[in-house]
Amino acid sequence: MTQLYLSSFGFAQPETRLRSLSLGEFSSLLEEQGGATRDLRTALAPSYLEETFNEDPFQRGEEIFQETPTSLGERSARAALEGAKVSTEDLGLILGASSTPLQTTPVEAQRIGKQLGVKIPAYEINAGGTDLLLHIENLLSWKRDRIPAYTLSVSSNIPTSRIHYKKGSERFRFSDAAGAFLLSPEKGRYRIEHVQSEFSPAEAQQFSVELYGHLRYEENVVGAFLQDRFSAVLGTVRSQISERAVIIESNLEPSRHERLQESFSGSYQWRRFLSQTGDLLGATPAAALSLFESDEEAEQIVILTGGIGLVAGVLILTREGE
Amino acid sequence: MLSILGMGAAHPDGEIDNAFIEGLDIGTNEQWILEKIGIRERKTSLPLEYIRETRNEDPRAARGVARCSTTALAVKAAEKALVRAGISASDIGLLICNSCTPEQVAPAEAVRIAAALGIEQKAYDVISACPAFALHMDYLSNFEEERLPDYVLCISAAVLTQNVNYNDRSDSAIWGDGAAAWIVSPRKSGKLRVLDTHFMADPTRCDAVVVDTFGHFHQDGRAVRDFSVRQTVRLIKRLEQNFELDWERDIFIGHQANRTMLAQITNNRKIPETNHWHNVTTIGNQAGAGAPAVLSEHWDEIAPQQKIAVAVVGAGLSWGSVLLEGVG
């Protein structure tokens with residue numbers, strides 16, 4: 001089986017924090033909930049959001065965006081390239097994904113490719129909540145001679161552009177971000193020990209974005225699905241997880257996270273950041289590394305992630321020597 | 001070696017002929033359309049009275065009046081492909097889809113199709129618009145064969161008439177709606193075996209063809225036309241150099257962009273009309289569904305040892321080819 005390494009990663013968020021905006025009842029409720037600790041970010045222009053609450057998500061002039069999936073994706077991609085001291089000329093493939101694209105054609109991978117100035121295969125592999133995991137899973141299944149020296153994998157999403165800030169629990173959960181992985185079959189900071197993702201199309205409508213509508217997220221169904229699948233998937237990979245592993249999970253609400261932790265006993269170090277960053281959709285694995293890479297105990301990192309699809313997956317990384 | 005076991009295609013019943021477009025009074029007529037792009041009719045999911053009255057100035061309204069969706073067409077095409085392959089939906093181990101007009105932006109179109117067919121397996125989108133047939137086949141050929149399930153369902157579907165501004169004379173005459181599906185296996189032999197796949201892109205030119213998620217299709221027509229002809233000729237030449245192609249026996253299928261463009265290509269490569277399969281004249285440009293829909297239409301005519309060269313180009317900008325051979 002092909003060996004694959006995570007050479008580097010990049011993570012990018014918009015500058016604007018939702019808690020800094022005047023959004024009426026939403027701002028008050030965010031503060032009551034300890035909003036200062038939930039650092040939700042938006043790619044939308046503050047003036048647009050404060051005036052309209054994004055009630056009609058079809059207002060699509062360039063002036064309403066401070067950032068786009070492409071600009072965030074480009075920033076995360078450049079951070080990943082710089083992190084590995086790899087030039088754009090060394091790239092052989094871009095795999096992209098977005099659950100909130102502003103254009104369906106060209107796909108996000110191609111728009112990011114344009115920003116990077118590369119003439120290489122670039123296309124979309126979109127798996128919703130596990131974009132980055134699926135990209136890795138794909139490469140690990142490919143013939144060795146089909147895997148380029150460096151593949152850029154990017155998931156970039158701006159869910160706040162699909163949220164109505166006058167109603168719904170979704171407005172308290174989601175945040176805009178892009179994550180990028182630079183993957184190589186030759187070397188990298190992390191060796192990929194295992195990756196796995198599971199899909200449940202029958203339940204997909206519980207977490208969806210209408211073409212001409214707002215984002216819908218049914219916590220009862222999606223949360224239960226993720227808790228159940230995370231628990232099952234951990235059970236199947238238990239023998240591969242070191243007792244000193246750091247397990248990062250950031251999709252579940254606190255009570256579900258606690259139950260998951262109880263169901264998988266051991267001396268593992270658990271980390272979560274949902275209450276800090278919000279739900280970052282496909283960028284979550286890159287955010288996890290960005291937040292916890294300096295964790296000295298993290299010789300082995302286990303990332304659980306999932307969402308739109310409905311999908312759930314696990315990524316196990318082992319730190320390589322310098 | 002990959003094989004294609006079955007194919008299916010589906011198109012809506014609605015039909016836009018050149019007289020209808022001429023009647024929109026947007027500065028075009030049947031003669032101009034036939035000379036420039038050679039399309040006589042296109043299939044549409046929209047009621048003609050809606051197009052006539054609104055010109056689809058606000059594509060949001062199109063979704064409300066459309067008689068079928070991307071997902072519905074894709075499911076129909078998939079069901080036909082399954083029948084031809086002699087398998088059922090429960091045999092499918094992976095579903096991949098390409099669409100530039102998804103019914104929702106999330107989850108992926110493949111997920112909705114899987115749910116409609118009752119497939120509880122991996123389902124995700126693999127997208128590069130018009131060259132989808134080449135992308136999907138090249139993507140699957142990347143895999144170690146033991147890492148693929150016995151049966152993979154590939155789909156390309158689009159309802160681009162729902163994204164056309166019918167005040168634009170060029171775009172009005174080009175687009176049709178359609179879906180194509182094909183079953184691929186790394187282990188089971190089928191009617192077609194895959195001899196070669198190729199896919200490439202130049203993202204620096206990706207703005208030449210754009211479909212806004214909320215809006216209309218638009219493209220730099222001249223640049224895209226020149227690119228399409230030049231690149232398709234290169235793709236065919238590459239296949240001619242690497243394989244023994246005999247255009248008196250073998251078949252060419254190009255991207256169903258427009259008939260005039262296809263004629264330029266076949267003239268360049270001296271491909272006789274009898275060995276050039278196409279459907280753009282009666283269905284319109286169905287984006288990534290076009291070339292596989294043509295192959296599906298001719299499924300029963302494929303002869304043993306006959307090679308079929310599919311060369312497709314489009315948004316991205318991206319391009320690719322697949323060389324197939326009939327199995328006797």
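**Exercise 1. Strands across the chains**

How many bridges join S3(A) to strand S10 of chain B, and do the two run parallel or antiparallel? Work with the predicted model shown above.

*Solution.*
Step 1: Find strand S10 of chain B, which covers residues 209–212.
Step 2: Look for its links to S3(A); two bridges join these strands, and they run antiparallel.
Step 3: Pick out one pair. Thr105(A) stands opposite Val211(B) in S10(B).

**Exercise 2. Where the chains touch**

Describe the side of chain A that touches chain B.

*Solution.*
Step 1: Begin with the totals: 44 residues of chain A are in contact with 46 residues of chain B.
Step 2: Next, see which elements take part. At least two residues each come from S3, H4, strand S4 (122–126), helix H5 (131–141) and strand S8 (207–210) of chain A. S4(A) gives the largest share, five residues.
Step 3: Sort this side of chain A by class: 22 residues are nonpolar, 14 polar and eight charged.

**Exercise 3. Two helices that meet**

Work out how H3(A) and H4(A) are arranged.

*Solution.*
Step 1: Recall what to look for. Two packed helices are described by the angle between their axes and the distance between the axes.
Step 2: Read off both values. The axes of H3(A) and H4(A) come within 9 Å, and they cross at roughly 60°.
Step 3: Name the arrangement. Because of this angle, H3(A) is oblique to H4(A). The crossing of the two helices is right-handed.
Step 4: List the residues that meet. From H3(A) come Pro69(A), Thr70(A), Gly73(A), Glu74(A) and Ala77(A), and from H4(A) come Glu108(A), Arg111(A), Ile112(A), Gln115(A) and Leu116(A). By class, this contact has four nonpolar, three polar and three charged residues.

**Exercise 4. A covered strand**

Is strand S8 of chain B mostly covered or uncovered, and which strands pair with S8(B)?

*Solution.*
Step 1: Check burial along residues 177–185. Nine of the nine residues of S8(B) are buried, so the strand is mostly covered.
Step 2: Follow the side chains. In a regular strand they alternate between the two faces of the sheet. Here Asp177(B), Ala179(B), Ala181(B), Ile183(B) and Ser185(B) point one way, while Gly178(B), Ala180(B), Trp182(B) and Val184(B) point the other way.
Step 3: Find the partners. Strand S1 of chain B (residues 3–10) is joined to S8(B) by seven bridges and runs antiparallel to it; Ile4(B) stands opposite Val184(B). Strand S7 of chain B (residues 152–159) is joined to S8(B) by eight bridges, again antiparallel, and Cys154(B) has Trp182(B) as its bridge partner.

**Exercise 5. Unusual backbone angles**

Look at the backbone of Pro106(A), Leu310(A), Asn54(A) and Gln305(B).

*Solution.*
Step 1: Start from the usual case. Most residues other than glycine have a negative phi, and most peptide bonds are trans.
Step 2: Look at the peptide bonds. The one from Thr105(A) to Pro106(A) is cis, with omega near -5°, and Pro106(A) sits in the loop between S3 and H4 of chain A. Another cis bond joins Gly309(A) and Leu310(A), with omega about -25°; Leu310(A) lies in the loop between strands S12 and S13 of chain A.
Step 3: Look at phi. Asn54(A) has a positive phi near 55°, and Gln305(B) has one of about 70°.
Step 4: Decide on burial. Asn54(A) has 22 C-beta neighbours inside 10 Å, so this residue counts as buried. Gln305(B) has 10, so this residue counts as exposed.

Key:
Residues numbered from 1 in each chain as written. Chains lettered and ligands numbered in written order. Predicted model: local features only at pLDDT ≥ 70, side-chain atom pairs only at ≥ 80, totals over all residues. Buried ≥ 20, exposed ≤ 12 C-beta atoms within 10 Å, placed from the backbone. Helix = DSSP H or I, 4+ residues; strand = E, 2+ residues; numbered from the N terminus. Pairing = 2+ DSSP bridges. Contact = placed C-beta atoms within 7 Å. Nonpolar A, V, L, I, M, F, W, Y, C, P; charged D, E, K, R; others polar. Axes fitted to C-alpha atoms, helices over the stretch in contact; angles between N-to-C directions. Parallel < 35°, antiparallel > 145°, perpendicular 65-115°, else oblique. Left-handed = near helix turned anticlockwise from the far one by under 90°.
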